[in-house]
Every structure is written in C-alpha cells, then in structure tokens.
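Colleague: Before I rely on any of the labels in this model, I would like to set each one against the rule behind it. Could we go through them one at a time?

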Amino acid sequence: MRQASITFDRAFAIGDTDPRLFGAFVEHLGRCVYGGLYEPGHPTADKRGFRKDVLDLVKELGPTIMRYPGGNFVSGYNWEDGVGPVKDRPARLDLAWFSNEPNSFGTNEFIDWCKAAKIEPMLAVNLGTRDGDAARNLVEYCNHPSGTAWSDLRIKHGWKKPHDVKFWCLGNEMDGPWQMEHKTATEYGRVAHEAAKMMRWIDPSIELAACGSSGRNMPTYGRWEDDVLEHTFDQVEFISLHTYFNNYASDTKAFLASPDLMDQFIEEVVAISDAVAARRRSDKRIMLSFDEWNVWYRTRRVRADRVKEGWPVAPPILEEIYSMEDALVFGGACISLLNHADRVKAACLAQLVNVIAPIMTETGGPAWRQTIFWPFAQMSRLGRGSVLKAIVKSESYQASYYDPRGKHDLFYPIDAPYLKASVVSDDKGVSLFLLNRDLEGAINVAVDARGFGKLKVTEATELRHSDLKAVNSKKEPLKVKPATLKGVSTKSDRITLELQPASWNVIRLEG
Ligand code: AHR
C-alpha cells in the first residue's frame, strides 16, 4: 500500500478562514430562481413563494454568503425592473441566456430569501449595459435609511429598514467577449473606479470587488488584473477569480489533478495584486474573491444545453448532473480554497439550485442533493478556524490537463501528489480534509499532530463509490453519500488512516 504522512503544528497557521469563504451563487439563469428557490404554488412554498424543501437543503449545505443576480445576466439587468408591485414589472429579453425574464423575483425578494436562509447577500451591479449611475442608485435604494427618492421608494415597496448590503461586485466577467458590453481592461477599470467611488460615497461601509479574469486560460489573463487594479486599487478590497473544472478529455487522473491549478491561479493573482501594491509602495493587500468555482463542462459546449429556442421563461439549461468523480475534483477545490485562507476571503460555489448546482429540484416535485453537495457541506461545517500549514509527504503522478476555451486550447502539465490535504484547527480540535487521488490503490496516512496534546477521532467519513460515474437522482437521491471511514487506527497514540482509492475523507480530531 502507498504510504503518506501529514504533519502539522497548532502554532503554524496559514490564516483564519473567513466565513465568506463558504459562499454560493444565485443567478437569473434557467431554473435557479424560478422553479428552484422560488416557486409559488409548490406544495412546500411559503406565501412568498420560497420553496421550504430547498431552504432546508440550503441550510444543511451551509453557504454563508450568496452572490446575486449574476453572472452574465447582470450585464444586461435593469435592477429597477425587479422592484415594486410584481404586476407592474416588465418582462424582458435576457441576452445572456436567451430567455424571457419575468422579473417576478428581484432584489427585495432576494434579500428576504437570504434572511429566511440566514445568509449574507452579495450583490453584483451592471457595469455592462449600464454604469456607475445605476450602481449608485441601487446602493441608495438598498442601504440609505430614508429621505431620498430611491430610499423612500424602497420603503414604499414595503421594506422600511435598509437592506444594509455590505459586499458588492463591480460587474461580472467584463474581460469575456460573451459579456454584454464586454470591455478592455482600461475601459472597465475606469468605469469600475468611478462606480466604486460613487457607491462608497453613498455608503462608506461597503466592500467592493473588481472583476478579475473569467478564467486563468483567458488570453488577457495577468495583464487584465494588473490594468484593472492599476485603476481600482484605492477603491476596492477584492479582485475576483472564476474557475470551472472539466473532464472533456475523459482523463480522470488529469481531472483529479486539476484543482492544483486553482492553487497556482490564486498564487499568481496574489502576486499580481501585490506587485500593483509594490509599485505604489502601499501596504494595502487586495484580497481574493473566488466568486465562481465548480465543475462544469457537460452542459457548457453544447448549445442545446445552454439555449432553448423561443425565448422561454426559466428553461432547463446548464442542469449538470454531478458524478462521484466530480465530487472528488470539487473536494480538491475545497482544499485549495482552504489552503489559501490568508488571501481568499470570499468564495462562491457556482451555483446553488438546478444550474450547475449542489441542489436539484423537479418543478412541482422534490429536491435532492447532488454528489458535490457533500464536500461543500462538510467544508462549511468543519472548515471554520485557523488553517494550519500541513506538510504532506506523498508520492505524486504526472498529468496533462486539457482546458479549452475558444481558440485558446491549453494543456497544463501537473505533478500531482496522490494525497491532497487541508487541516483546520479550532478551539476544540482539528479537522482534516483528505483527497486520495489514486484511482487504484489505498493510501496509508500517518498523522503527526503537534501541539494539541492527545487527540481522539470523533468523526471520520469517506465519500466514494465503486462507480466513479455514479450520480444522485430523483429516483436514487442518496446513491452517493458519505459513510463511516473504517480504516482509522489509533494504536499507541499514533493516528493512521487508510484512505480508499478515489475517495474524499473528512476526519475530526478532538482533545
Ligand atoms: O455560472 C454560469 C456562468 O459562468 C456565469 O453567468 C458567468 O459569470 C460564467 O461565465
């Protein structure tokens, strides 16, 4: 059996996980809102139309912050269409997803839904077809107490108290030619700078994220971050990153290695941000908001999975069905995020319901958990605390990961350790997140936990399935689910773990 070890010391910390690291994303896209979290008439819906079965699963999943309303959708969104009496709201053609947007759910409904779910809202403003003026008006509508046209309009609409939204995204993926009113870095940097300035003049307590690249494979990657931060450095707290992992090449080993590219991506964006700071002799540190991440490929390149003809309302698009294999890659991404807790201070799993999501629903029917639900829920529950610097000794393997985007097909060589790990400590003990990427063999892991005294294993689960393509479905909603990890040994105070091939494992140790 392969041998590996993990050594960590309570005194050697990377950084604390920010609660916002465990966020997710709701876009007006397909059945994410309509038929997802909002479905008036559904047997479990409350009088506001919020599906209770979905809310219950969201609470179990544990996201802490929710990005809204897009995504590509936001770049053509008039927020004013989504407030006021529902009967007066206009239907509009949404050019991001070629759908008819009825606007029966808007900013106020979203805020109410966040309250019901006990989640912090994160709002994105339209810096595509609109600019700083619409953005500042939205901040005034949401956050100003009263006595102005926009704040009094909110009160007239039935929301007396300000929404007090703290986290704002300055547009979405403005580097992407698919975006409505796509911009160059300089064009975007100027608009973002001016919008940010006015938004903060209205509410100085807000925090702002500038758009970084929509992927590390973008041709403008690197220069984009540099130019955008050159314009916005003094105005923003965050720069965003987006990543979607794929297995187009049907190369599971490379797919499992791909989260290591997320580590590189984060470290590169940190370096670029700090270079901008260095040019200014500034000690300000721009934090990272990884505000879209997930596995997404099956429903990405096939037009029929992205667009339904005839401008339908809430069509079933991007309804990716996640397999066991996807959950492993997803778990690897969780580890990458945790291990950069010093700089990644916000992150959003994209998305929440139906659309590339951990929760699936049938319109009028039940809701269930996809395979990727489990690693996220475990990370959110047990990943709060101080991430420790873990020294992992493990054999590694060579992989070549294929990452297509338009004309820019790329192959990344990766030297991937079979064991990928993260360790998070808190007042009571320590949580280990361990991914065995060996498809054939178990790994025997010796745990050397220093500075904790005697630790006992209080929880040990594994997520694995003999069929890497196994999925959960309405018929078999719990086909893939965590089970007790049997291979735990604590002989003579030494903890060793036997991790099965292709498995995601979460271990809790307490004193
Ligand atoms: O999450 C789906 C889409 O992916 C978002 O709308 C966009 O921002 C990204 O390209």
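Colleague: What does the side chain of T64 reach that makes a polar contact?

Modeller: The side chain of T64 reaches the backbone oxygen of P19 at 2.6 Å. A polar contact is a pair of N or O atoms within 3.5 Å, where within protein one must be able to donate a hydrogen and the other to accept it, and residues adjacent in sequence count only if both atoms are side-chain atoms; the 2.6 Å separation is therefore inside that limit. This is a predicted model, in which local features need pLDDT of at least 70 and side-chain atom pairs count only at pLDDT 80 or more, while totals for chains, interfaces and linings use all residues. Residues are numbered from 1 along each chain as its sequence is written, and side-chain values use heavy atoms, with hydrogens and water left out.

Colleague: Why is T64 called buried, given its place in a loop?

Modeller: T64 lies in the loop between α1 (52-61) and β4, but its relative accessible area is 15%, and buried means under 20% (exposed is over 50%, partly exposed in between, with a 1.4 Å probe and protein chains only), so T64 qualifies. Apart from neighbours within four places in sequence, T64 is in contact (heavy atoms within 4.5 Å) with P19, R20, F22, G23, I119, E120 and R384.

Colleague: Why does G71 count as buried?

Modeller: G71 has 1% relative accessibility, and therefore it counts as buried. Its place is in the loop between β4 and β5 (92-94), and its contacts beyond four places in sequence are with F25, E27, N172, Q179 and E292. The C-alpha atoms of G71 and N172 are separated by 5.8 Å, although these positions lie 101 residues apart along the chain.

Colleague: What makes β4 and β7 a pair, and in which sense do they run?

Modeller: Two strands pair if DSSP finds at least two bridges between them, and β4 (residues 65-68) and β7 have four, in the parallel sense; M66, for instance, has P121 as its bridge partner in β7. β7 also pairs with β8 (residues 167-170) over four bridges, again parallel, with F167 in β8 as the bridge partner of M122. Strands here are DSSP runs of E of at least two residues, and helices are runs of H or I of at least four, numbered from the N terminus.

Colleague: What makes β7 and α11 mostly covered?

Modeller: In β7 (residues 120-125), five of the six residues are buried, and in α11 (residues 373-382) the count is nine of 10, among them F373, W374 and L382.

Colleague: How many salt bridges does the rule find across the interface of the two domains?

Modeller: The bounds, which come from an automatic or database domain assignment, give domain 1 (2-10 + 388-510) and domain 2 (17-384). A salt bridge needs a side-chain nitrogen of Lys or Arg within 4 Å of a carboxyl oxygen of Asp or Glu, and the rule finds six across this interface. R437 and D260 meet in a salt bridge at 3.0 Å, N to O, so that pair satisfies the limit.

Colleague: How much area do domain 1 and domain 2 bury between them?

Modeller: About 4300 Å², 63% of it on carbon and sulfur atoms, where buried area is the accessible area (1.4 Å probe) that two parts lose on being put together, summed over both. In domain 1, Y401, R405 and W504 lose the most to domain 2, together 17% of what that side buries.
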